[in-house]
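Here is a walk through how the helices of this chain pack against each other, with a few residues picked out along the way. Have the model open while you read.

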Amino acid sequence: MRRKPTSAELFTQRCAPYAPMVYRHCLHMLKNPQEAEDAAQESMLRAFRAFDSLSGNGVATWLFRIAHNTCLDVLKSARMRRQRPMPENWEETADPALNPEQQYLQNAQSDALWQAVSKLKEDQQVLLHLFYGQQMGYEEMAKATGVSTGTVKSRLSRARDALRKVLEAEESKNG
C-alpha cells in the first residue's frame, strides 16, 4: 500500500523548484544579496505555512506574490530606509565564449541597462523584471500583480517606452 505524501513533501515537490525564482525576485527588489536571501527564506517559510490554502497549479505566481509582499515588508522596515546601490556582479552575465574585451563591453552594457531600469518607477521595474528576468507570460504576470492581462500589456508597453527614453537621454548625455 502506497503512503500518502506529507504536506512537507508536497510543498518541497511543488515549491522547491521555484526557490531560485523567489531569490532572484527578492534580489531585484532589495538590491542586496544578504537581504534577498533572508527575504527569500522568509517567503518560503510564509509559503509553507500557507501551503494548505494553495489551490490550482499557479505555484510560481503564488510564490511570486508572497515574495513580492515579503520584500515590500522589508523595504518598509527601519533597516532598509536608506537606498542601497546594487552590488557589482549582482548577476553572472559573463559568457565564457567572449574574449575579455567583449566581456567588458557586455558588462558595461548590463550596468548601463541596470542603471537605466533603476531610474524607472517601482511598478515599471517589477513588470520588466517579470517579463525579461523571470520570463513570465502576460497571464502569469497578471496573476502575480493582481491586474488584468490588458493592463499588464499596456503597463509593460509604457515601461518599455520609459526605459527607452532613459537610455536615449543617457546616450545623448554621454555621447
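## Helix packing and some residues

The axes of α3 and helix α4 (residues 59-76) come within 9 Å and cross at roughly 130°. Before going on, a word on what you're looking at: this is a predicted model, where local features need pLDDT of at least 70, side-chain atom pairs count only at pLDDT 80 or more, and totals for chains, interfaces and linings use all residues. Residues are numbered from 1 along each chain as its sequence is written, and side-chain values use heavy atoms, with hydrogens and water left out.

Some bookkeeping on the terms. Helices (H or I, at least four residues) and strands (E, at least two) are DSSP runs, numbered from the N terminus. The axes are lines fitted to C-alpha atoms, for helices over the stretch in contact, and the angles run from 0 to 180 degrees between N-to-C directions.

Back to the first pair: α3 and α4 are oblique to each other. (Under 35 degrees counts as roughly parallel, over 145 as roughly antiparallel, 65 to 115 as roughly perpendicular, and the rest as oblique.) Their crossing is right-handed, meaning that the near helix is turned clockwise from the far one by less than a right angle; anticlockwise would be left-handed.

Which residues of α3 meet α4? On the α3 side they are Glu35, Ala39, Glu42, Ser43, Met44, Arg46 and Ala47. Their partners in α4 are Trp62, Leu63, Ile66, Ala67, Asn69, Thr70, Cys71, Asp73 and Val74. Contact here means heavy atoms within 4.5 Å. By class, the contact of α3 with α4 divides into 9 nonpolar, 3 polar and 4 charged residues. For those classes, Ala, Val, Leu, Ile, Met, Phe, Trp, Tyr, Cys and Pro count as nonpolar, Asp, Glu, Lys and Arg as charged, and the others, Gly among them, as polar.

Two of the α3 glutamates deserve a look. Glu35 lies in helix α3 and counts as buried at 11% relative accessibility. Glu42, also placed in helix α3, is partly exposed, with a relative accessible area of 29%. (Buried means under 20% relative accessible area, exposed over 50%, and partly exposed in between, with a 1.4 Å probe and protein chains only.) Cys71 turns up as a distance partner for each of them, as the table shows.

| Pair | Separation along the chain | C-alpha to C-alpha distance |
|---|---|---|
| Glu35 and Cys71 | 36 residues | 9.1 Å |
| Glu42 and Cys71 | 29 residues | 9.5 Å |
| Leu27 and Glu37 | 10 residues | 7.7 Å |

Leu27, from the last row, sits in helix α2 and is buried, with a relative accessible area of 5%.

Next up is α2 with α6. The axes of α2 and α6 come within 11 Å and cross at roughly 150°, and the two helices are therefore roughly antiparallel to each other. The crossing of α2 and α6 is right-handed. Arg24, His25, His28 and Met29 in α2 meet Glu122, Gln125, Val126 and His129 in α6. That contact has 2 nonpolar, 4 polar and 2 charged residues.

Helix α6 (residues 122-133) also packs with helix α7 (residues 138-145): their axes come within 10 Å and cross at roughly 140°. That makes α6 oblique to α7. The crossing of α6 and α7 is right-handed. From α6, Leu127, Leu130 and Phe131 meet Tyr138, Met141 and Thr145 of α7. By class, you get 5 nonpolar, 1 polar and no charged residues in this contact.

One backbone oddity is worth a click. Most residues other than glycine have a negative phi. Lys31, although not a glycine, has a positive phi of about 60°. Where is Lys31 placed? Look in the loop between α2 (19-30) and α3 (33-49). Lys31 is buried, with a relative accessible area of 7%.

Finally, the whole chain. How many helices and strands are there in the chain? The count is 8 helices and 0 strands, so to a DSSP reader (per the run definition) the elements go α-α-α-α-α-α-α-α from the N terminus on. Of the 175 residues of the chain, 34% count as buried. Residues 24 or more positions apart account for 66% of the contacts with a separation of 6 or more. The accessible surface comes to about 11300 Å², with 51% of it belonging to carbon and sulfur atoms; such areas come from the Shrake-Rupley method with a 1.4 Å probe, and for residues only the protein chains shown count as cover.
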